[in-house]
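I opened the notebook to record what I looked up, one topic at a time.

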Amino acid sequence: MAFGRPQVATHRYGQVLAATVLVIVATIALPDDHVGRGIALLLQAALLVMVTIAARDTRSRTLTAIGFAAVVFGAISAVGIRTPGWNLLGLSGAVATAMLVTVGTGVVALIRRDGVNVQAVAGGLVSYLLVGMIFADVVGAIADGTSGWYFAQNVDGSSGDHIYFSFITLTTTGYGDFTPRTEVGRAISTLEVLVGQIYLVVVVALLVGNLRRRDA
């Protein structure tokens, strides 16, 4: 499937939401080596295709370039060829950010055309999950690129640990098995908590509230 071909927007964000959850769970379960990270990047590239079809109906060279790079480097790493961790992390963050922007644009277009419906709410939830994925990549980049442990438990954590930590922070679950050691790590966690809570009480609440009014 070509990323750059014009596609008619389907706005099937329910399917994208289910696929996003599966990608997150699979990424946590994959082994923390270059093969596992490569497979995770390939899964994100496939998710980007779904997001593009669901949300966009115009040609995008940026999405094409990001998706192509993710497929190439993901495949290289997945077959066992060692790839720099910063490369995979950077592409993972770029893919997640591209999906977030694309979903946001698509949901706004859907609401303007049809008003708030179930698919718009699903798209809002997809954006919430993508925020968690982006923060996980930020944590991974800092852990890999700085000296000293990222977590106070004297570990940097695996890729799965970073996603796990990101989502328990985003949802303010806070089990306490991982806690940031440095001021930078604490600042990022605080920002993620604020973003997650504001998003839920403002964006998701508005979507659900308008959906109920429409049904009534």
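The entries below go through cavities, aromatic rings, one histidine and salt bridges.

**Entry 1: the model**

I noted before anything else that this is a predicted model.

**Entry 2: cavities**

I looked for enclosed space. Rolling a probe the size of a water molecule over the atoms shows where empty space is left. I found two cavities of 30 Å³ or more in the structure. The largest cavity holds about 290 Å³ of space. I then listed its lining, which comes to 22 residues, and those closest to the centre are Thr 27, Ala 40, Ser 92, Asp 137 and Ser 159.

Which elements give two or more residues to this lining? I wrote down α1 (13-29), α2 (34-55), α4 (85-114), α5 (118-145) and α6 (159-170). Of the elements, α2 gives the most, with five residues. I also sorted the lining of the largest cavity by class: eleven residues are nonpolar, eight are polar and three are charged.

**Entry 3: aromatic rings**

I turned to the rings and counted six aromatic pairs in the structure. I picked out one of them, Tyr 164 with Phe 178, which is edge-to-face. The ring centres are 6.2 Å apart and the planes make an angle of 75°. The planes count as edge-to-face because the cut-off is over 60 degrees. Tyr 164 sits in helix α6, while Phe 178 is in the loop between α6 and α7 (183-215), so I noted a pair that links distant parts of the chain, 14 residues apart.

Are these two residues buried or exposed? Tyr 164 has 26% relative accessibility and counts as partly exposed. Phe 178 has 15% and counts as buried, because buried means under 20% relative accessible area.

I followed the ring pairs further and found a cluster made of Tyr 150, Phe 151, Tyr 164, Phe 165, Tyr 175 and Phe 178.

**Entry 4: His 11**

I looked up His 11, which lies in the segment before α1. Its relative accessible area is 8%, so I entered His 11 as buried. What is His 11 in contact with, leaving aside its neighbours within four places in sequence? I listed Ala 54, Ala 55, Gly 106, Leu 110, Arg 113 and Gln 119.

**Entry 5: salt bridges**

I counted three salt bridges. In one of them, Asp 32 is joined to Arg 37, with the closest N and O atoms 3.4 Å apart. Asp 32 is partly exposed at 41% relative accessibility, and Arg 37 is partly exposed at 21%.

Arg 37 also forms a salt bridge with Asp 144, where the closest N and O atoms are 3.9 Å apart. That distance still counts because the cut-off is within 4 Å. Asp 144 is in helix α5 and Arg 37 is in helix α2, so this pair ties together parts that are 107 residues apart in sequence. I have Asp 144 down as partly exposed, at a relative accessible area of 43%. Asp 32, Arg 37 and Asp 144 are thus entered as a network of salt bridges.

I also noted a salt bridge between the side chains of Arg 113 and Asp 114, at 2.8 Å from N to O. Arg 113 counts as exposed at 57% relative accessibility, whereas Asp 114 counts as partly exposed at 32%. Arg 113 had come up before, as a contact of His 11.

How values were computed
Residues numbered from 1 in each chain as written. Predicted model: local features only at pLDDT ≥ 70, side-chain atom pairs only at ≥ 80, totals over all residues. Heavy atoms only, no water. 1 Å grid on protein atoms, 1.4 Å probe; cavity = no way out; pocket = protein on both sides within 12 Å on 5 of 7 lines; lining within 4 Å. Points joined across faces, edges and corners; volume = space filled by probe spheres on them. Helix = DSSP H or I, 4+ residues; strand = E, 2+ residues; numbered from the N terminus. Nonpolar A, V, L, I, M, F, W, Y, C, P; charged D, E, K, R; others polar. Phe/Tyr/Trp six-rings, centres within 6.5 Å; stacked < 30°, edge-to-face > 60°. Buried < 20%, exposed > 50% of the residue type's maximum accessible area, 1.4 Å probe, protein only. Contact = heavy atoms within 4.5 Å.
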